[in-house]
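Please work through the exercises below with the structure open beside you, and try each task before reading its solution.

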Number of protein chains: 2
Amino acid sequence: MAGSPNPLHSWFLGPQGENGPLLRELVESALQSHFDWRRAYHPEDASPIPALRGNGAGSRYRRGLKKEFASLLGELHGSVPFFHGRYNGHMLSEQTMASQAAYFAAMLYNPNNVSSEVAPVTTRLEGDVAKQLSEMVGYDPSRCWGHLTSGGTIANFEALWIARNVLYHPVAARLATRALGIDISVELPDDTRASLSNLDLWQLLNIRPGASLDLWEKLWLAAPGPLIERTLKSYSLATLGYQDYSRQLAAEFGDELPAAAVLAAGTSHYSWAKILAALGVGSNQLRFVPVTRECRMDPDALWREIESLTRKRIPIMACVSTCGSTEEGAVDDLHTLLEIRARAEWELGVTFHIHSDACYGGYAAALTRAPDGSRHSAAQVREIIGSSDWPSDQWLDSIAALAKADSISIDPHKMGYVPYPAGAFLLKDRRGRELVATDPPYLAIASDREGEQPVIGRFIFEGSKPGASAAAVWMSHRMIPLNSDGHGRIIASTMRAARKLHAFLGAADFSPLRVLRLPEPDLTIVCFLLHHPLLTSLRALNAFNEEIYRALSPDEQMTAPYIITRTKLTAPAYDGAIEPLLSQLGDDAGLYRSDLVQGLTILRATVMNPFSDEAEPDHLLGLTDAIREVAMSLLKPAIAPDGVYSASNPIFSAKST
Amino acid sequence: MAGSPNPLHSWFLGPQGENGPLLRELVESALQSHFDWRRAYHPEDASPIPALRGNGAGSRYRRGLKKEFASLLGELHGSVPFFHGRYNGHMLSEQTMASQAAYFAAMLYNPNNVSSEVAPVTTRLEGDVAKQLSEMVGYDPSRCWGHLTSGGTIANFEALWIARNVLYHPVAARLATRALGIDISVELPDDTRASLSNLDLWQLLNIRPGASLDLWEKLWLAAPGPLIERTLKSYSLATLGYQDYSRQLAAEFGDELPAAAVLAAGTSHYSWAKILAALGVGSNQLRFVPVTRECRMDPDALWREIESLTRKRIPIMACVSTCGSTEEGAVDDLHTLLEIRARAEWELGVTFHIHSDACYGGYAAALTRAPDGSRHSAAQVREIIGSSDWPSDQWLDSIAALAKADSISIDPHKMGYVPYPAGAFLLKDRRGRELVATDPPYLAIASDREGEQPVIGRFIFEGSKPGASAAAVWMSHRMIPLNSDGHGRIIASTMRAARKLHAFLGAADFSPLRVLRLPEPDLTIVCFLLHHPLLTSLRALNAFNEEIYRALSPDEQMTAPYIITRTKLTAPAYDGAIEPLLSQLGDDAGLYRSDLVQGLTILRATVMNPFSDEAEPDHLLGLTDAIREVAMSLLKPAIAPDGVYSASNPIFSAKST
């Protein structure tokens, strides 16, 4: 690409602070502009601060603050160098200068995006950001809703919180209509309509999310608002809580049915169990669907699970599909999962909320958008990325299918390259937010129920939150748009780099070691492990890879030449991926299979650095070499000059339990 | 105070950016230090960014960013001037320069405080901050635990999440011991001990939080760890979820008892209903305890509520006491509430978790701490604040009682004067965190169960979170310590100012209007309303005060001379405060009493500006004048020159419904 200027070169500070002068200029202008603003507000008021004298308390404080601040700056030098191409650890890299400067600028004003009353500017920017993200994934802006959160856990929490309330809403609606002496019809999963009063509990718990919300809307037309609100509330799970709600179900329907399940692959984020436990759903209700060799949710297994749950009359609250799993960056075939739900609706009368946890991978959709907002063809995407055969149609279909997910979480603070905190929650049908709404009494409530609500706080789980975060994401999207000219370039560059690393690890001569790799990455995480014939137990194999990880981890002096991380593939959740991996070992794989309950340690490189694809020196080759060197140096004390194994190396003597 | 330098003059940027040069210097040093750090990391690596050419893509991007950034800076001028003495609206004011500079400095490194692996420096700072806050409130640092959150809602959520799991733990323990064929004794609320196997469900749900955690610890000694963990989990609410857990209770104990209640005053934050709904507890379970005329939880009413719940065999999950209510800044008499719990334990065998929601008021404890960490006497505190009779002994006792609350939430981003996001959660007995722990698979798990856990993420509800926030709070506390020399000075100054405003409103001549005030503020929020004899309905009275609020609200041009807010005191939650307020009107109060179901609109001034106590011009007098002027100008069109009421003013013609 030499000769053609690469836009990415301008978007980030750079490993040596190459673009530092620009960031400095922006920050300085933010300070000056803020000072000007302060001075322009009632300039007629006298200052409460007397002119500082050289030997007063102010001067002592200034000296003290400068000293302590310098000491903090020194301590911060012990931070992990996420910014550098040598860092391929967690999902962390550079930040865009646009976001850094905007965060700082807005922070000086300290707006609180709980309400426009305390953040007239940045709540508007947050609305813009939600719209940008919605358009990227393909949601209808006139029907959807979105907002920023402190991170992915809260966004995922809100998704399931809403899914739970939408699931149980038809039950409350049925009881409310009976109490009010009205009847109302509702759409069933097979597209027929039925009278609400004729449905049994199983049917009530198998109404599509959209139909459940249609019902909610119809109810408001069927009786005076306050009466509906009061009556609905009196039967709703949110009001009653699970204990009284369960009693209500048992009293009304005889059998309250088993607790509703949440389906997710073993690749799903660890926070889901926490979220289910917190919501009172129970972590037991999280049912792991097996994965494919690519670590994607296995669609056939999903179908079998739905069939099995249906036989047991276990309702399904939601299915969590992952777009960019935390460990492997795997992208579920969301379009196929959606087809399976449609089949379940027609064949079994069963339906549920589908949430896409795209915290990590959501920004990949930018690659598929042209600057005019239209969707690129597969050929165009491949041309942009510079390949004839990837991304695959399957990958493109799964990204396009985001538009049909009922809700999506996307973290700008991951592949959006903006500073923490910045998660985002998107809801396809904005009416769902009404089922979790609360009214903060001290913030002005807008009268317009239809329009955009200035009190974001009514519908979100958090309260006070930094408007600076909205400004940062907004400015970053303004300069680096959510299409193939903007974030699409970053995705393309890092995906190319990750696949290069995957290829290097496959091509390099590691003998007497072998590199076992997961398939080519769906996004930017490369997973692999090193094997040596003398590692004759899973414990020894894991210990060896743990040692490699430790040697390539940050320490206080940052002496590691490169930084990667590791994870554990656990059985049986990951069986679908582990088996093809081990089978590369032929008969030797048998040594490990019996012990898989302790998990298989996997090395993991997240290739997010925007310069890795074409950097000099080539950090991908450098990392490959570093892994080999570290591994060889671990072998050395174990293998005598004649090549014979020595028991003195504790790695090789690690016994399996 | 002229002549003696006021330290507060140095801590903030100042209304005209008076200390701007210092902030600029700090920010510049942060940038330089960060650039230096980048350059020192593998300086031998060539730069991936070619030297920027004047007419390349880089130069176009630079121009574009500068232009767009300038436009953002212009938009930010539409922000609300929280920093100024003329702003007395929500709980927002200046930020300390120490926190602003440190946030920016750490943000450049973008550490993620989910784990020390990605934030070696700032997770340590977060631990320090938790220790500082714990020491301020009087927790035993060797037993407690704390961390930062995105805000008060999450901190409060964690409190109730833990309280719920601690409440139900003895039930799981009882079933686990039976399954394992062991027995174990537990301490009852009357200090006697009993065998776990002999307790009925009511007794199991009335074990003190500490005794529940003793039980947890004992269990780990009674059988092998993994076995205990597995068995306990299989019976726990977190695993089973409410539906299966309720079934388990019904099957084991015949009667599962009514859903557990959460007690809070009507003054409690609106997020509590949301939290109960989300946790599956149900917002119905939030029982409002009446308030006193000072808007504090009425201790006698609490006792009556406990007695009544006990008669109905309704267990109590927690009591939420507020230290600094959001609307009025009221400080509950926590020491008395603790005494009432002790009485309930002895007389009724009933106990529960006590949480102090000190999101707003927690920093007031700094006033009671000497620089050596010891507690000031009442006389010393009064000397510091410059009064002979306040704070009252009752106030001081309630602040000292924080040390005995089972958990506390405190928001540094409120009275800590640091930028969003910065909430904090403190837990008196750190073992409670184990009942909500999750293991993120890809983050290094420390082996030391006893020591400080580097993986904060195991025990908190959020995942990724900004280390910059920890650096900001840490630096601020470093320069402005949590004692009477530091934050105590800010509290003292703003409390004095708030009481001055209260006095001004009481002393000023508003005739023909009357100012009705809530009692002197416990902290820094002054609540009042304006009354005119022609406002002959509650709707008219409310509308009149709404008009005053609107005239003193931020608009796009920031033309309001002063900014305040308003809230609604709702009946019956606030009856204890509304009645004494209205009774100042004598017989006229009857005009309003019958309509109180619509709530009483109250004007609200939060006096948080650190300079208001001694500023020139005096903004407290200015605000008093502004309120009078606004009110009089609203009267004018309604009252003809001869003083006769004219129906033409819509405020006066507002009819009660």
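The exercises that follow concern a predicted model and go from its confidence to a sheet and then to a core.

**Exercise 1.** Find out which residues of chain A have pLDDT under 50 throughout.

*Solution.* Begin with the chain as a whole: chain A averages a pLDDT of 92, and 93% of its residues score at least 70. Then look for the stretch that departs from this, which is residues 441-453 of chain A, where pLDDT stays under 50. Although the model has 34 contacts beyond four places in sequence for this stretch, predicted coordinates should not be read in detail where pLDDT is low. For the model as a whole, the scores are ipTM 0.95 and pTM 0.96.

**Exercise 2.** Work out in what order the 4 strands of the open sheet in chain B are arranged, and how they pair.

*Solution.* Tracing across the sheet gives the order β10-β11-β13-β12 in chain B, with antiparallel pairing. Because β10 (514-517) and β12 (565-569) of chain B stand at the edges with a single partner strand each, one side of each has no neighbour in the sheet. From one strand to the next, the twist averages 40°. Finally, helix α19 (residues 575-582) of chain B packs on this sheet and touches β10, β11, β12 and β13 of chain B, its direction making about 95° with that of β13(B).

**Exercise 3.** Identify the residues with the most contacts inside the largest nonpolar core.

*Solution.* The largest nonpolar core has 464 residues, and those with the most contacts inside it are A:L530, A:L600, B:L530 and B:L600. Taking A:L530 as an example, the residues it touches include A:F510, A:L541, A:F544 and A:I627, leaving aside residues up to four places away in sequence.

Notes
Residues numbered from 1 in each chain as written. Chains lettered and ligands numbered in written order. Predicted model: local features only at pLDDT ≥ 70, side-chain atom pairs only at ≥ 80, totals over all residues. Heavy atoms only, no water. Pairing = 2+ DSSP bridges. Helix = DSSP H or I, 4+ residues; strand = E, 2+ residues; numbered from the N terminus. Axes fitted to C-alpha atoms, helices over the stretch in contact; angles between N-to-C directions. Contact = heavy atoms within 4.5 Å. pLDDT = per-residue confidence, 0-100. Core = buried A, V, L, I, M, F, W, Y, C linked by side-chain atoms within 4.5 Å. Buried < 20%, exposed > 50% of the residue type's maximum accessible area, 1.4 Å probe, protein only.
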